[in-house]
Amino acid sequence: MFVLELTYTAPLEAVDAVLEAHVAWLDEQYAQGVFLASGRKNPRDGGVIVAVAEDRARIEEIVAGDPFVTAGVCAYRVTEFVATKTAPALEAYRETL
């Protein structure tokens, strides 16, 4: 499991110019079962995504395709973790150490 933290590197006007493409990209990742939750940070200086994938290399590949990244308006911090406890709805993603 991964926590993806986005930090905007450009003014919000530049971010908003790419927002529609970013949302379409998010929808694709949800449809493929990669993203579990996402949203803006408060204050609005980036966002957070909770994701699942077979390995970090796959997540890095997915992140590189974000229109925010290709437009140069955000940077990602990727944190991998082992989800040993979850809400019942996320039980399928639990791992053991």
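Me: Where do the bounds for calling a residue partly exposed lie?
Reply: Partly exposed is the band between buried, under 20% relative accessible area, and exposed, over 50%. The values here come from a predicted model.

Me: Why is Asp 16 called partly exposed?
Reply: Asp 16 has 38% relative accessibility, and partly exposed covers what lies between under 20% and over 50%, so Asp 16 counts as partly exposed.

Me: What makes Asp 16 and Arg 44 a salt bridge?
Reply: Their closest N and O atoms are 2.5 Å apart, and the cut-off is within 4 Å, so the pair qualifies as a salt bridge. Asp 16 sits in helix H1 and Arg 44 in the loop between strand E2 and strand E3, so the pair ties together parts that are 28 residues apart in sequence.

Me: How do you know that Arg 77 is exposed?
Reply: Happily, this one is quick: Arg 77 has 54% relative accessibility, and exposed means over 50%, so Arg 77 counts as exposed.

Me: And which label fits Glu 5, the partner of Arg 77 in a salt bridge?
Reply: Glu 5 is partly exposed, because its relative accessible area is 27%, in the band between under 20% and over 50%.

Me: Why is the contact of Lys 41 with Asp 45 called a salt bridge?
Reply: The N to O distance is 3.7 Å and the definition asks for within 4 Å, so the two side chains meet in a salt bridge. Salt bridges with shared partners join Lys 41 and Asp 45 with Glu 5 and Arg 77 into one network.

Technical notes:
Residues are numbered from 1 along each chain as its sequence is written. This is a predicted model: local features need pLDDT of at least 70, side-chain atom pairs count only at pLDDT 80 or more; totals for chains, interfaces and linings use all residues. Side-chain values use heavy atoms; hydrogens and water are left out. Buried means under 20% relative accessible area, exposed over 50%, partly exposed in between (1.4 Å probe, protein chains only). Helices (H or I, at least four residues) and strands (E, at least two) are DSSP runs, numbered from the N terminus.
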